[in-house]
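Student: I'd like a close look at one part of this protein, the stretch towards the end of the chain. Could you walk me through how the pieces there fit together?

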Amino acid sequence: MISDHEATVATEYWHVLDDGRIQCDLCPRYCKLHEGQHGLCFVRANENDAIVLTTYGRSSGFCIDPIEKKPLNHFLPGSPVFSFGTAGCNLACKFCQNWDISKSREIRTLADEAMPDKIARVAAAEGCRSVAYTYNDPVIFLEYARDVAHECHKLGLKSVAVTAGYICDEPRKEFFSFIDAANVDLKGFTEDFYWKITGGHLQPILDTLLYLKNETDVWFETTTLLIPGKNDSPEELDNMTRWVVDNLGPDVPMHFTAFHPDWKMLDIPATPEATLKKARDIAMANGVRYAYTGNVHDKAGQSTYCHHCGQCLIGRDWYILSEWNLDEHGCCTACGTRCAGVFAEHAGDWGARRKPIYMASHA
Ligand code: SF4
Ligand SMILES: [Zn+2]
């Protein structure tokens, strides 16, 4: 078992305030902490006059998933991804679908532990193509994710972030320097929604998306969980998808996923399928080439089509790839147009399996 001492590592993004408190500069929460206090994310704390990460090498569990589950539809489709998270989160979304992990303050009960070299080794031995930092936001465990990514890269594994993108300018550069692909939550498109429902602000998320587009080669897609009456109006979706096309271009895939009542939003019904389809239609009418529905069974809405000739390039039935009409260069077999994304020569065959991994049983 990793001791509390071993799980605590130094961090870089902070400064001392005039009143003696320390401000964490990792995310736009800018927590100002007295000695011994934890930040809102709970995993970073002021210890001995410095901000430390307290969950290095500790995880809420490991599992191999289909990459489509992150969701990433244009990054090594059909491949298995070794997935893990830690505890805590720097947003406070009332609709959180992973609140048992993200709101966990019981970091001592984190079930599994693993140092970066072991994660990379086990992921490679299990035949994964990538490792994903997911379930809770990896921004808050940047130092752990960074070291895992470095070990993964040594073994030829890619590094995937599932994130809300709520991070400050300087750490953003470091964070995405070791990430190969990301799914970024674009939770809504009004400041009012972000502030009231997530406790964060919209602009830093847009800045992250612009940074990814303009300054990096990271492959990225977006996800919007549509909550009835909160962020699903045609006008908001029209504004959002126009912004994406105007600022990020037509090739960034957008996922519109169904909300299920959870956490502090038990009084709101699940998202009707028609709302997801409408969102997809709005996106495509505004020029988004690849728009998807999620968390519902919708073969047409989850398959990938050639934006030039309309051929189905990758058919999907939940997480099973039912068709593959890309050549070895990722181009449409009917018309030769390249599909945006990162593709292997062949479709992956992981399917819909979900395989829990117990690190303790691996040497
Ligand atoms: S990373 Fe955590 S401690 Fe730092 S500002 Fe954000 S919520 Fe606060
Ligand atoms: Zn085509």
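Tutor: Here is a walk through that end of the chain, with a short detour to a few other spots along the way. Keep in mind that this is a predicted model.

Let's begin with the little sheet. Three strands make it up, in the order E17-E18-E19, and the sheet is open, with antiparallel pairing. E17 and E19 (320-324) are the edge strands, each pairing on one side only.

Take the E17 side of the sheet. E17 and E18 (residues 312-317) run antiparallel and are joined by two bridges. If you want to find the pairing by eye, look for tyrosine 305, which stands opposite cysteine 312 in E18. The two strands form a hairpin with six residues between them. In that turn you'll find glycine 310, whose phi is positive, about 90 degrees.

Now the E19 side. Here E18 and E19 pair over four bridges, again in the antiparallel sense. One pair to pick out is aspartate 317 with its bridge partner in E19, isoleucine 320. This is a hairpin too, with two residues between the strands. Tryptophan 318 sits in the turn and has a positive phi of about 55 degrees.

How enclosed is E18 by the rest of the structure? Five of its six residues are buried, so E18 is largely enclosed. When you look at any strand like this, it helps to know that in a regular strand the side chains alternate between the two faces of the sheet.

Next, step back along the chain to glutamine 302, which has its place in helix H9 (residues 299-302). Is glutamine 302 buried or exposed? Its relative accessible area is 8%, and buried means under 20%, so glutamine 302 counts as buried. Who surrounds it? Leaving aside neighbours within four places in sequence, glutamine 302 is in contact with Asn73, Tyr292, Thr293, Gly294, Val296, Arg316 and Trp318. You've already met Trp318: it is the tryptophan in the turn between E18 and E19.

There is also some empty space to look at around here. Rolling a probe the size of a water molecule over the atoms shows where empty space is left. Over the whole structure, a search finds three cavities of 30 Å³ or more. The second largest cavity has a volume of about 40 Å³. Its lining consists of Arg280, Met284, Arg289, Tyr290, Ala291, Tyr292, Ser303, Thr304 and Tyr305. H8, strand E16 (291-294) and strand E17 (304-305) are the elements that give two or more residues to this lining. By class, the lining has five nonpolar, two polar and two charged residues. So two familiar faces turn up here: Tyr305, which lines this cavity, also stands opposite cysteine 312, and Tyr292, another lining residue, is in contact with glutamine 302.

What about the largest cavity? About 110 Å³ of space lies in it. It is lined by 13 residues, with Cys24, Cys27, Cys31, Cys41 and Arg44 nearest its centre. That lining divides into nine nonpolar, two polar and two charged residues.

Helix H8 (273-285) leads us to another helix, H7, since H8 is one of the elements that the buried residues of H7 pack against. The others are H6, E14 and strand E15 (254-258). H7 (residues 234-248) has 15 residues and reaches 20 Å from its first C-alpha to its last, close to the 21 Å expected. Its buried residues are Glu236, Leu237, Met240, Thr241, Trp243, Val244, Val245 and Leu248. To read that list, remember that an α-helix has 3.6 residues a turn, so residues three or four places apart point the same way. After H7 comes glycine 249, with a positive phi near 90 degrees.

Leu248 has one more part to play. The second largest pocket has a volume of about 170 Å³. Of the 13 residues lining it, Lys213, Trp219, Phe220, Leu248 and Val252 are the closest to its centre. Helix H6 (203-215) and strand E14 (219-226) each supply at least two residues of that lining, which divides into eight nonpolar, two polar and three charged.

One last stop is the loop between H6 and E14, where aspartate 217 lies. Aspartate 217 has a relative accessibility of 81%, so it counts as exposed. In sequence, aspartate 217 and aspartate 180 are 37 residues apart, and their C-alpha atoms are 7.6 Å apart in space.

Notes:
Residues numbered from 1 in each chain as written. Chains lettered and ligands numbered in written order. Predicted model: local features only at pLDDT ≥ 70, side-chain atom pairs only at ≥ 80, totals over all residues. Heavy atoms only, no water. 1 Å grid on protein atoms, 1.4 Å probe; cavity = no way out; pocket = protein on both sides within 12 Å on 5 of 7 lines; lining within 4 Å. Points joined across faces, edges and corners; volume = space filled by probe spheres on them. Nonpolar A, V, L, I, M, F, W, Y, C, P; charged D, E, K, R; others polar. Expected span 1.5 Å × (residues − 1). Buried < 20%, exposed > 50% of the residue type's maximum accessible area, 1.4 Å probe, protein only. Contact = heavy atoms within 4.5 Å. Pairing = 2+ DSSP bridges.
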